[in-house]
Amino acid sequence: MKKFKVNKTFKEINEKIRHGKAVVVTAEEMIDIVEKKGALEAARKIDVVTTGTFAPMCSSGVFINFGHTSPRMRASRVWLNDVPAYGGIAAVDCYIGATEVVEGDPLNSVHPGEFNYGGGHVIEDLVAGNVIRLRLEGYGTDCYPARKLEKNITIHDLRNAILLNPRNAYQNYNCAVNMSDKTIYTYMGVLRPRMANATYSTSGQLSPLFNDPYCKTIGIGTRIFLGGTKGYVAWHGTQHNPHVPRGKNGVPKEGAGTIATIGNLIEMSPKWIVGASILGYGVSLYVGIGIPIPILNEDMAQYTSVSDKDIYTQVFDYGVDYPNGVVKSLREVSYKELRSGTITLNGKKIPTAPLSSYYRAMEIANTLKEWIEKGTFLLGEPQEILPSEKT
Amino acid sequence: MYSRKVIIHYTADIVDQPIVHRLVKDYDLAFNILKARILPKREGLLVLDLVGTKENFDRGIRYLKKSGVKVEPLSDRVTQNTDRCVHCGACIAFCSTGALYIDKKTMMVLFDAEKCNGCELCVTACPARAMEIDLF
Ligand code: SF4
Ligand code: SF4
């Protein structure tokens with residue numbers, strides 16, 4: 001075990017938060033603090049660093065229990081505003097996934113499809129309190145005789161609506177270009193031919209898992225900002241992979257860690273849970289997430305001071321390579337360069353565009369900071385840390 | 001040089017009049033056709049970028065109005081719904097005029113209606129459906 005000069009526990013920090021004495025800064029503010037004072041001094045002063053990310057996050061969805069009807073029904077097929085939900089859970093439970101498309105959508109038959117409505121929009125409509133048409137079909141049993149039902153509901157009529165996202169807040173993600181000769185429509189946005197633009201999708205230095213690259217403080221039970229209210233890390237996310245190339249600062253240079261998140265949709269706000277229609281690709285859900293990182297020691301102060309210039313990702317060709325499963329990085333690029341508005345690739349200057357809102361990420365980090373300063377948000381000590389690489 | 005993008009709505013009865021030709025000849029305005037649409041009943045619209053002196057531009061617009069066509073600035077018909085915009089920045093990838101841009105200071109995505117050419121790409125390419133365009 002490494003010996004530290006500063007040793008704080010979750011309990012001690014929470015005690016400070018309760019008394020309104022915790023010193024909280026955002027991940028952006030932390031960069032300067034560590035640069036000026038050094039990690040040791042910063043660790044003594046700062047208790048919590050807040051982070052944020054707001055981007056379309058597929059692999060999101062909601063467990064819904066819509067309550068029993070009279071006569072009772074075992075609903076095996078469920079639609080919300082004509083978007084199919086998965087009903088094979090229990091009599092009146094279902095799961096509506098963010099990327100499910102409304103029934104009858106022309107999809108990509110006229111390319112690029114518009115994907116105007118789907119699961120992500122149902123979830124946004126739920127959060128906004130809008131009326132939703134619930135349609136149920138069952139096959140009838142002795143205990144649950146009803147076979148068909150349609151009614152209007154809002155989120156307030158539901159017994160439970162639990163946001164449970166199997167994979168959110170990717171620790172890093174590709175930068176996409178298109179080397180083919182035609183415009184392509186991808187989950188990385190509209191990519192113009194012959195590398196005319198590049199897109200990327202993380203909030204860089206503000207992004208939660210960049211600020212705790214080895215997930216030393218994040219695990220099952222970590223309390224987080226989720227959709228405008230408090231939520232939790234439920235598990236490591238699907239595709240979570242800590243065994244990737246890293247920089248000297250420990251930060252992964254490609255997609256790595258992910259988290260599964262859980263929270264009460266009924267308490268969330270439509271500002272932070274927004275349906276997304278991705279041209280030519282499909283439907284998704286913008287999710288706002290922020291994780292508070294406790295500064296337990298000088299290492300955590302160092303990690304949370306990471307800035308865009310020291311965070312790298314890989315550029316991939318989504319025109320030919322990516323769709324064919326060819327993993328060939330065209331170049332390594334820093335988030336500082338990506339956020340400058342242009343990157344250089346093969347001697348060519350390429351304009352960049354983010355898909356993840358830095359503005360909203362800042363707002364999340366600041367909101368979380370406020371909550372903690374006010375003492376209304378305590379840190380959740382993880383019951384188990386996410387799987388990680390040893391340091 | 002003065003340059004403005006305008007929408008010209010015309011009706012079936014004046015569709016054969018050489019209005020754009022007159023703008024060039026009589027008012028010395030250069031034009032760039034950004035969009036032209038003819039509807040089934042032969043009414044239609046033209047989106048033009050008109051370039052000339054301010055005086056000639058104003059005279060040209062007066063001429064158009066007198067000839068019975070409806071003219072309005074394109075910028076009146078394209079709006080960024082600030083309640084829907086999430087400032088993701090995805091539009092920077094497809095808005096080729098720079099009308100949608102990131103304000104580096106606040107990191108908000110802003111809309112400069114004067115730069116917009118009414119291509120309408122953002123209507124379906126903005127994932128949050130924040131761009132509203134109604135040319136008719
Ligand atoms: S793509 Fe749409 S939501 Fe995103 S910044 Fe542009 S206008 Fe706003
Ligand atoms: S219509 Fe939309 S995409 Fe086209 S120039 Fe105007 S703002 Fe940009």
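This briefing describes a structure of two protein chains, A and B, and the surroundings of two ligands. The model is predicted. Chain B is divided into domain 1 (2-74) and domain 2 (77-133), and 16 of its residues are in contact with 23 residues of chain A. The largest nonpolar core has 150 residues.

**Layout of chain B**

- The secondary structure of chain B consists of four helices and eight strands, which follow the order β-α-β-β-α-β-β-α-β-β-α-β from the N terminus.
- Along the principal axes, the C-alpha atoms of chain B fill a box of roughly 45 × 35 × 20 Å.
- Chain B has 136 residues, of which 34% count as buried.
- Among the contacts in chain B with a separation of 6 or more, 65% link residues 24 or more positions apart.

**The two domains of chain B**

- A distance of 26 Å separates the C-alpha centres of domain 1 and domain 2 of chain B.
- Where the two domains of chain B touch, six residues of domain 1 are in contact with five residues of domain 2.
- Strand E1 (2-10) and strand E2 (30-38) of chain B are the elements that give two or more residues to the domain 1 side of this contact.
- That side of domain 1 comprises four nonpolar, no polar and two charged residues.

**Surroundings of ligand 1**

- Ligand 1 is surrounded by 15 residues, and the closest are Cys85(B), Cys88(B), Cys91(B), Val109(B) and Cys126(B).
- The shell around ligand 1 contains 12 nonpolar and three polar residues, with no charged residues.
- Val109(B), one of the closest residues to ligand 1, lies on the covered face of strand E7 (residues 108-111) of chain B.

**Surroundings of ligand 2**

- Ligand 2 is surrounded by 14 residues, and the closest are Cys95(B), Ala99(B), Cys116(B), Cys119(B) and Cys122(B).
- Helix H4 (121-125) and strand E8 (131-133) of chain B each contribute at least two residues to the shell around ligand 2.
- By class, the shell around ligand 2 holds 10 nonpolar, three polar and one charged residues.

**The hairpin of E6(B) and E7(B)**

- Strand E6 (residues 100-103) of chain B pairs with E7(B) in the antiparallel sense, over four bridges.
- Four residues lie between the two strands of this hairpin, and Met107(B) in the turn has a positive phi of about 65°.
- On E7(B), Val109(B) and Phe111(B) form the covered face, whereas Met108(B) and Leu110(B) form the uncovered one.
- Phe111(B) in E7(B) stands opposite Leu100(B).

**Contact between chains A and B**

- In total, 23 residues of chain A are in contact with 16 residues of chain B.
- On the chain A side, the elements that give two or more residues are strand E3 (53-56), strand E13 (189-191), strand E19 (273-278), strand E25 (348-354) and helix H6 (358-374) of chain A.
- The chain A side divides by class into 15 nonpolar, six polar and two charged residues.

**The largest nonpolar core**

- Within the 150-residue core, the residues with the most contacts are Ile96(A), Ile123(A) and Cys91(B).
- H6(A) supplies nine residues, the largest share of this core.
- Domain 1 (2-74) and domain 2 (77-133) of chain B each contribute at least three residues to the core.
- Apart from its neighbours within four places in sequence, Ile123(A) is in contact with Val62(A), Ile96(A), Ala98(A), Ile273(A), Gly275(A) and Leu285(A).
- Cys91(B), one of the core residues with the most contacts, is also among the closest residues to ligand 1.

**Local features of chain A**

- Asn14(A) is found in helix H1 (residues 10-18) of chain A.
- Asn14(A) counts as buried because 20 C-beta neighbours lie inside 10 Å.
- Not counting residues up to four places away in sequence, Asn14(A) touches Leu378(A) and Leu379(A).
- Asn14(A) and Pro106(A), 92 residues apart in sequence, are 52 Å apart in space from C-alpha to C-alpha.
- Strand E8 (residues 132-137) of chain A runs antiparallel to E9(A), with six bridges joining them.
- Within that pair, Leu149(A) in E9(A) is the bridge partner of Leu136(A).
- Strand E9 (residues 148-153) of chain A lies largely in the open, because zero of its six residues are buried.

Terms used:
Residues are numbered from 1 along each chain as its sequence is written. Chains are lettered from A and ligands numbered from 1 in the order in which they are written. This is a predicted model: local features need pLDDT of at least 70, side-chain atom pairs count only at pLDDT 80 or more; totals for chains, interfaces and linings use all residues. A residue is near a molecule or strand if its C-beta atom, placed from the backbone, lies within 6 Å of it. Ala, Val, Leu, Ile, Met, Phe, Trp, Tyr, Cys and Pro count as nonpolar, Asp, Glu, Lys and Arg as charged, and the others, Gly among them, as polar. Two residues are in contact if their C-beta atoms, placed from the backbone, lie within 7 Å. A nonpolar core is a set of buried Ala, Val, Leu, Ile, Met, Phe, Trp, Tyr and Cys residues joined through C-beta atoms within 7 Å. A residue is buried if 20 or more other C-beta atoms lie within 10 Å of its own, exposed if 12 or fewer, and partly exposed in between; C-beta atoms are placed from the backbone. Domain bounds come from an automatic or database domain assignment. Two strands pair if DSSP finds at least two bridges between them.
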